[in-house]
Amino acid sequence: MQWFEFPDAPASAAALAATVAQRLSAALARDGRAVLAVSGGKSPVPFFHALRSQPLDWSRVLITLVDERFVPPDHPDSNAALVREHLLQDAAAAARFLPLVGDARDDVTELAAANAAYQQPTVAVLGMGEDGHTASLFPGADALADGLDMARSLPLLAVQPLTAPHLRFSMSKAALLACDSLILSIQGAGKRQVFDQAAQGINDSLPISHFLLQTECPLDVYWTA
Ligand SMILES: O=C1O[C@H](COP(=O)(O)O)[C@@H](O)[C@H](O)[C@H]1O
């Protein structure tokens, strides 16, 4: 795990955007295409603003989500709506977007469709909640063990959080660790405390620990107070 510390959120967002753009660019040169998976929530907005004007051949980049709430695409809690409003703008408007949820009417059919359409990301940018969840791998959820099972073959699963609204679709641990690289972006003293606790040992009540304490996929942590 590599640790990067920044004086404020704009500095962290700018550095994160430059790193992600450089990794996408390397994938474009190597493979002719690149896939970026981003997190939702509230904190990624400055990063999206910094990333969307990076000079890249965005027409060969596919953007998808690490996780999504099972809500229609115009719902205020939709991660796809967040990406459309804040990331798929400026130069990045040329990127293709692969949402995880359709019209949010039938979770079984839509999860099957999302798994069928899934594209393995080159880079995934993770967030973390103060309860230690990452993607939508929530502590205490019935589906957590399945989501953390490295033998699981389907990349996406449905998770019903006990402490947060909406059924979620989430990338599994196995799918996330199959990315070329992972970046965790966090800020604030509360999240730092959770991070420090999770870094001490694998602990299912802090699912993020499964990503900090692994050797399958390189992880960079972007931290700002
Ligand atoms: O519910 C979610 O929360 C986490 C953390 O969000 P943040 O706004 O506190 O950074 C996020 O990473 C995840 O994608 C989202 O669906």
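**Exercise 1. Find which residues are around the ligand, and sort them into nonpolar, polar and charged.**

Step 1: The ligand is surrounded by Ser-39, Gly-40, Gly-41, Lys-42, Ser-43, Val-66, Asp-67, Asn-79, Gly-127, Gly-129 and Ser-136. A residue is near the ligand if its C-beta atom, placed from the backbone, lies within 6 Å of it.

Step 2: Sorted by type, this shell has 1 nonpolar, 8 polar and 2 charged residues. Here Ala, Val, Leu, Ile, Met, Phe, Trp, Tyr, Cys and Pro count as nonpolar, Asp, Glu, Lys and Arg as charged, and the others, Gly among them, as polar.

Before you go on, two notes on the model. It is predicted: local features need pLDDT of at least 70, side-chain atom pairs count only at pLDDT 80 or more, and totals for chains, interfaces and linings use all residues. Residues are numbered from 1 along each chain as its sequence is written.

**Exercise 2. State how confident the predictor is, using pLDDT, ipTM and pTM.**

Step 1: pLDDT is the predictor's confidence in each residue, from 0 to 100. The chain averages 98, and 100% of the residues score at least 70.

Step 2: For the model, ipTM is 0.97 and pTM is 0.98.

**Exercise 3. Work out the strand order of the open sheet of 7 strands, then find its edges.**

Step 1: The order is 1-10-9-6-2-3-5, with parallel pairing. Strands (E, at least two residues) and helices (H or I, at least four) are DSSP runs numbered from the N terminus, and two strands pair if DSSP finds at least two bridges between them.

Step 2: Strand 1 (2–6) and strand 5 (96–98) are the edge strands, each pairing on one side only.

Step 3: Look inside the sheet: strand 2 (residues 34–38) pairs with strand 3 (residues 61–65) in the parallel sense over 5 bridges. Ala-37 stands opposite Thr-64 of strand 3.

Step 4: Now add helix 1 (residues 9–31), which packs on the sheet and touches several strands, including strand 1, strand 2 and strand 3.

**Exercise 4. Describe the open sheet of 3 strands and what stands at its edges.**

Step 1: This sheet has the order 4-8-7, and its pairing is antiparallel.

Step 2: Strand 4 (67–69) and strand 7 (156–159) each have a single partner strand, so one side of each is left without a neighbour in the sheet.

Step 3: Strand 7 pairs with strand 8 (residues 168–171) in the antiparallel sense over 4 bridges. Leu-157 has Ser-170 in strand 8 as its bridge partner.

Conventions: Two residues are in contact if their C-beta atoms, placed from the backbone, lie within 7 Å. Axes are lines fitted to C-alpha atoms, for helices over the stretch in contact, and angles run from 0 to 180 degrees between N-to-C directions.
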